[in-house]
Amino acid sequence: MTFSSGCAKAVSDHAACPPVVEYSREVQARAASEVEALPPGAVIEGMLADYHVMRRQARACQG
């Protein structure tokens, strides 16, 4: 099977960029406290790291 998506041209508008939700300082502080309370090696830590990368990519996509 051949995939043609690799040949797609870049889109100049930002319509395809996912929105980046902004969180208040209070929500960020609460999230940090909850992460600190996780047991060592909790899988959610890796998932949150992935989410951080995706947020950075979405911001870059938006310009």
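These questions and answers walk through the disulfide, the salt bridges, a buried arginine and the largest pocket of a predicted model.

Student: How many disulfides does the model have, and which residues form the link?
Tutor: The sulfur atoms of Cys 17 and Cys 61 sit 1.9 Å apart. The cut-off is 2.5 Å, so the pair qualifies. The count comes to one disulfide, formed by Cys 17 and Cys 61.

Student: Which parts of the chain does the disulfide tie together, and how many residues apart are they?
Tutor: Cys 17 lies in the segment before helix H1, which covers 25-36. Cys 61 is in helix H2. The link therefore ties that segment to H2, parts that lie 44 residues apart in sequence.

Student: Is the link of Cys 17 and Cys 61 left-handed or right-handed?
Tutor: Look at the angle about the S-S bond. For Cys 17 and Cys 61 it is -80°. That makes the link left-handed.

Student: Is Cys 17 buried or exposed?
Tutor: Cys 17 has 12% relative accessibility. Buried means under 20%. Its partner Cys 61 is partly exposed, at 33%, whereas Cys 17 counts as buried.

Student: What distance separates the C-alpha atoms of Cys 61 and Pro 18?
Tutor: Cys 61 belongs to helix H2. Along the chain, Pro 18 and Cys 61 are 43 residues apart. Their C-alpha atoms are separated by 8.2 Å.

Student: How many salt bridges are found in the whole structure?
Tutor: Side chains of opposite charge can pair when their charged atoms come close. Arg 59 meets Glu 22 at 3.5 Å, N to O. Glu 34 pairs with Arg 30, with closest N and O atoms 2.9 Å apart. The search of the whole structure finds two.

Student: Which parts does the salt bridge of Arg 59 and Glu 22 tie together?
Tutor: The partners are 37 residues apart in sequence. Arg 59 is partly exposed at 38%, and Glu 22 is exposed at 58%. Arg 59 lies in H2 and Glu 22 before H1, so the pair ties helix H2 to the segment before H1.

Student: What separation along helix H1 do Glu 34 and Arg 30 have?
Tutor: Glu 34 is partly exposed at 44%, and Arg 30 is exposed at 58%. Both residues are in H1, four residues apart. Their separation is therefore about one helical turn.

Student: Why does Arg 55 have no salt bridge, and which side chain of opposite charge is nearest?
Tutor: Arg 55 is in helix H2, residues 43-62, and is buried. A salt bridge needs the nitrogen within 4 Å of a carboxyl oxygen. The nearest side chain of opposite charge is 4.5 Å away, so Arg 55 goes without one. That side chain is Glu 22.

Student: Which residues does Arg 55 touch, leaving out those up to four places away in sequence?
Tutor: Start from its place in helix H2. With residues up to four places away left out, three names remain for Arg 55. They are Val 20, Val 21 and Tyr 23.

Student: Which helix supplies the largest share of the lining of the largest pocket?
Tutor: The pocket has a volume of about 320 Å³. Its lining includes Tyr 23, Val 27, Leu 48, His 52 and Arg 55. H1 and H2 each supply at least two residues. The largest share, five residues, comes from H1.

Notes: Residues are numbered from 1 along each chain as its sequence is written. This is a predicted model: local features need pLDDT of at least 70, side-chain atom pairs count only at pLDDT 80 or more; totals for chains, interfaces and linings use all residues. Side-chain values use heavy atoms; hydrogens and water are left out. Buried means under 20% relative accessible area, exposed over 50%, partly exposed in between (1.4 Å probe, protein chains only). Lys and Arg count as positive and Asp and Glu as negative; His and the chain ends are not counted. Contact means heavy atoms within 4.5 Å. On a 1 Å grid over the protein atoms alone, a cavity is a set of points where a 1.4 Å probe fits but cannot get out, and a pocket is an open set with protein on both sides within 12 Å along at least five of seven lines; lining residues have an atom within 4 Å of a point. Grid points are joined across faces, edges and corners, and a volume is the space filled by probe spheres set on the points.
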